[in-house]
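Biologist: I have a chain in front of me and would like to learn how its features should be read, one after another. Could you take me through them?

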Amino acid sequence: PKLVKAPTWLRVLQISTGAISIILSGYVLAQPGLANFTAVQILSIVLLFVGIESIAVGTFSRYLRTSSRFSIALGASAIAFSILVTTLLPAPPILFSIFLGGFALLFNGLGGIMQGVGGQGISRWFRAPLVGVGVLSIAISSLIIAHPIGFGALLLTVVMSFALLIIGIEITAMGVVGRLIVGKIPNSNKS
């Protein structure tokens, strides 16, 4: 595996997705009086964009063997769960929405870890944030899924907002750096 320059369209997607994540997560954090269901809806929209970015990175990094397919699958799962939260009519109970958001965050965390682990031979400063944010996402999603009532819906939305804010910063940084981890690119000159 090595670092390659990301195409401009992917960098724009990463920076835009990161900015949307930062803005919407920041909005939820800045509005403590926001209704829990509204906060979960906004955070689900953030997860939708994060899932789209995950699929785009997985598609571009198609030479990553299993990791890219896993990234695409996890991105699709995050998108599916976020769409469920934002489109279920009538509005689902807040705990069900929080569960779905927790699972979407879990899948996003797994995808980050797979990207970081799949980059053997890449410098630690590049892989460590991917793995670190992935572990943080899994830890927070585990709390959300395991203790939706005991943890408190307001506290859950705040913690989930912080997690998505950090993910937004990470995605924006990856877009600004403009490098992706890819596996061995097949040599077309082999006979």
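Modeller: We shall go from the overall layout to helix packing, then to the core and a few single residues. Please keep in mind throughout that this is a predicted model.

Biologist: Which elements does the chain have, and in what pattern do they follow one another along the sequence?

Modeller: A first reading simply lists helices and strands in order. Here there are six helices and two strands, and going along the sequence they are arranged as β-α-α-α-α-α-α-β. Of the chain's 191 residues, 46% count as buried, while the exposed surface comes to about 9,100 Å², with 72% of it supplied by carbon and sulfur atoms.

Biologist: Among contacts between residues at least 6 apart in sequence, what share joins residues at least 24 apart?

Modeller: That share is 78% in this chain. One pair that can be found in the model is L164 and L47, which lie 117 residues apart along the chain and whose C-alpha atoms are separated by 7.8 Å.

Biologist: How should I read the packing of two helices, and are α1 and α2 roughly parallel or roughly antiparallel?

Modeller: One looks at the distance between the axes, and then at the angle between their N-to-C directions, where values over 145 degrees count as roughly antiparallel. The axes of α1, residues 8-30, and α2 come within 10 Å and cross at roughly 165 degrees, and therefore α1 is roughly antiparallel to α2. Their crossing is left-handed. Among the α1 residues that take part in this interface are W9, L13, I20 and L24, and the α2 side includes L43, V46, F49 and F60.

Biologist: At what angle do α2 and α4 pack?

Modeller: The angle is about 25 degrees, with the axes 10 Å apart. Since angles under 35 degrees count as roughly parallel, α2 and α4 are therefore roughly parallel to each other, and this crossing, too, is left-handed. The α2 residues involved include F37, V40, L47 and V50, which belong to a set that meets α4 residues including I98, G101, A104 and L105.

Biologist: Which residues have the most contacts inside the largest nonpolar core, and which elements build it?

Modeller: A core is best read by asking how many residues it holds, and then which elements supply them. The largest nonpolar core here has 25 residues, and those with the most contacts inside it are L105, I144, M160, L164 and I167. Two or more residues come from each of α2 (36-60), α3 (66-87), α4 (94-117), α5 (124-146) and α6 (153-177). As an example, M160 touches L43, L47, G101, G102, L105 and I144, once residues up to four places away in sequence are set aside.

Biologist: Is L164 buried or exposed?

Modeller: L164, located in helix α6, counts as buried because its relative accessibility is 0%, which is under the 20% limit. Beyond its neighbours within four places in sequence, L164 is in contact with S21, S25, L43, V46, L47 and L105.

Biologist: Where do the serines S54 and S44 lie, and what are they in contact with?

Modeller: S54 is in helix α2, and S44 is found in α2 as well. S54 is buried, with a relative accessible area of 10%, and S44 is buried with 2%. Leaving aside neighbours within four places in sequence, S54 is in contact with S71 and G75, whereas S44 is in contact with S82, V85 and T86.

Conventions: Residues are numbered from 1 along each chain as its sequence is written. This is a predicted model: local features need pLDDT of at least 70, side-chain atom pairs count only at pLDDT 80 or more; totals for chains, interfaces and linings use all residues. Side-chain values use heavy atoms; hydrogens and water are left out. A nonpolar core is a set of buried Ala, Val, Leu, Ile, Met, Phe, Trp, Tyr and Cys residues joined through side-chain atoms within 4.5 Å. Buried means under 20% relative accessible area, exposed over 50%, partly exposed in between (1.4 Å probe, protein chains only). Helices (H or I, at least four residues) and strands (E, at least two) are DSSP runs, numbered from the N terminus. Contact means heavy atoms within 4.5 Å. Accessible areas come from the Shrake-Rupley method with a 1.4 Å probe; for residues, only the protein chains shown count as cover. Axes are lines fitted to C-alpha atoms, for helices over the stretch in contact, and angles run from 0 to 180 degrees between N-to-C directions. Angles under 35 degrees count as roughly parallel, over 145 as roughly antiparallel, 65 to 115 as roughly perpendicular and the rest as oblique. A crossing is left-handed if the near helix is turned anticlockwise from the far one by less than a right angle, and right-handed if clockwise.
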